[in-house]
Amino acid sequence: MEASMTVTSSNLARNIRKCLEPVHAAKTDPEVDGLLFKLYNPILWRNVNAANGHVRIFASGVLADTFPLHDPSADAQAKIATIQKGVDALSSLLVDKDVRVRVAASENSAKVLSAMWDHLPVKDVRQLLNIIVTQQACDSSSPLVRTAAINGLTQILENPSSHGILKTMLPMLQNMIHDDSAAVKLAMVKLLVKVKTTRGIKFFHVVKVPHLHARLANEQVDSAVAKEMVGLLQNS
């Protein structure tokens with residue numbers, strides 16, 4: 001289990017985590033949940049804060065796979081505290097100095113929010129979302145981080161419980177449709193395509209129609225962004 005976070009090869013780390021997937025998936029069994037807590041608790045938090053960036057990346061993945069890492073026999077207050085510990089760890093990784101760690105943290109935070117939204121306190125949900133929307137999606141230092149943040153929000157929309165909060169937050173991303181990076185623009189359009197199929201949120205409330213028309217007019221006809229936008233605007 002520790003090797004899944006400390007090996008030097010990304011491929012090997014992924015393969016080890018793949019082997020551990022059946023165990024992680026059995027977390028709903030209290031005995032397995034307790035075993036995971038017993039085995040990971042001494043090593044996970046150390047690796048989340050490791051000096052080596054690769055270790056922090058792998059640890060963020062394990063954190064998401066085992067979230068929430070807690071003792072199922074503990075009382076309610078202890079369980080709340082361990083959830084907060086996990087959210088705080090993800091929050092720290094989301095603002096990590098290493099771009100690669102921030103990208104991984106975005107992907108893994110989205111995984112946690114999409115799967116665990118209904119089981120997280122509202123303040124914890126907002127803690128992670130505020131970082132993703134107001135910091136990561138606007139990270140001027142890296143288009144990779146901006147792309148990961150927007151892709152993560154698209155994933156979170158898979159959970160219907162997220163729609164109420166995201167309805168008020170997504171319009172903050174309107175200007176990302178004009179990002180200098182084609183990857184960011186494409187991620188933004190795909191987010192709007194997802195919003196289009198989401199009840200209760202209108203994609204043209206996230207990005208106003210004049211912005212969409214201006215973006216389409218400035219895109220090469222055969223670009224991936226233009227093709228996605230045509231699909232978005234058809235029958236709208």
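Q: At the start of H8, which backbone nitrogen does a side-chain oxygen of Ser142 reach?
A: The backbone nitrogen of Leu144, to within 3.2 Å. This is a polar contact because the limit for a pair of N or O atoms is 3.5 Å, one able to donate a hydrogen and the other to accept it; residues adjacent in sequence count only if both atoms are side-chain atoms. This is a predicted model, in which local features need pLDDT of at least 70 and side-chain atom pairs count only at pLDDT 80 or more, while totals for chains, interfaces and linings use all residues. Residues are numbered from 1 along each chain as its sequence is written, and side-chain values use heavy atoms, with hydrogens and water left out.

Q: How do you know that the span of helix H8 agrees with its number of residues?
A: H8 (a DSSP run of H or I with at least four residues, numbered from the N terminus) covers residues 143–156. The expected span is 1.5 Å times one less than the number of residues. For the 14 residues of H8 that gives 20 Å, and the end C-alpha atoms are 20 Å apart, so the two agree.

Q: What makes H8 largely enclosed by the rest of the structure?
A: Of its 14 residues, 10 are buried (under 20% relative accessible area, with over 50% called exposed and the range in between partly exposed, using a 1.4 Å probe and protein chains only). Among them are Val145, Arg146, Ile150, Leu153 and Ile156. The cover over these buried residues includes H6, helix H7 (122–136), helix H9 (163–169) and helix H10 (182–196).

Q: How do you know that the span of helix H4 agrees with its number of residues?
A: H4 runs over residues 53–65, and its 13 residues should span 18 Å. The C-alpha atoms at its ends are 19 Å apart, so the span agrees.

Q: Why is H4 called largely enclosed?
A: Because 12 of its 13 residues are buried. The buried set includes Arg56, Ile57, Phe58 and Asp65. Helices that cover them include H1 (3–6), H2 (10–25), H3 (30–48), H5 (76–94) and H6 (99–116).

Q: What makes Asn52 a cap for the N-terminal end of H4?
A: A side-chain oxygen of Asn52 lies 2.8 Å from the backbone nitrogen of His54.

Q: Which residues line the largest pocket?
A: Ser10, Ala13, Arg14, Arg17, Ile57, Phe58, Gly61, Ala104, Glu107, Asn108 and Lys111. H2, H4 and H6 are the elements that each give two or more residues to this lining. A pocket is an open set of points on a 1 Å grid over the protein atoms alone, with room for a 1.4 Å probe and protein on both sides within 12 Å along at least five of seven lines; a lining residue has an atom within 4 Å of a point.

Q: Why does Asn108 count as buried or exposed?
A: Its relative accessibility is 10%, so Asn108 counts as buried. Asn108 is part of helix H6. Beyond its neighbours within four places in sequence, Asn108 is in contact (heavy atoms within 4.5 Å) with Ser60, Gly61 and Ala64.

Q: Why does Ser109 count as buried or exposed?
A: At 0% relative accessibility, Ser109 counts as buried. Ser109 also sits in helix H6. With neighbours within four places in sequence set aside, the contacts of Ser109 are Leu90, Leu94, Leu128 and Ile132.

Q: Why is Val23 called partly exposed?
A: Its relative accessible area of 32% puts Val23 in that class. Val23 belongs to helix H2. Val32 and Leu36 are in contact with Val23 when neighbours within four places in sequence are left aside. The C-alpha atom of Val23 is 9.5 Å from that of Thr66, 43 residues apart along the chain.

Q: Why is Asn41 called partly exposed?
A: Asn41 has a relative accessible area of 28%, which makes it partly exposed. This residue of helix H3 touches Leu36 and Leu69, not counting residues up to four places away in sequence.

Q: What makes Leu39 partly exposed?
A: Leu39, in helix H3, has a relative accessible area of 39%. The C-alpha atoms of Leu39 and Glu2 are separated by 9.1 Å, with their positions 37 residues apart along the chain counted as their separation.

Q: What kind of peptide bond joins Phe67 and Pro68?
A: A cis bond, with omega about -5 degrees. Pro68 is located in the loop between H4 and H5. Most peptide bonds are trans.
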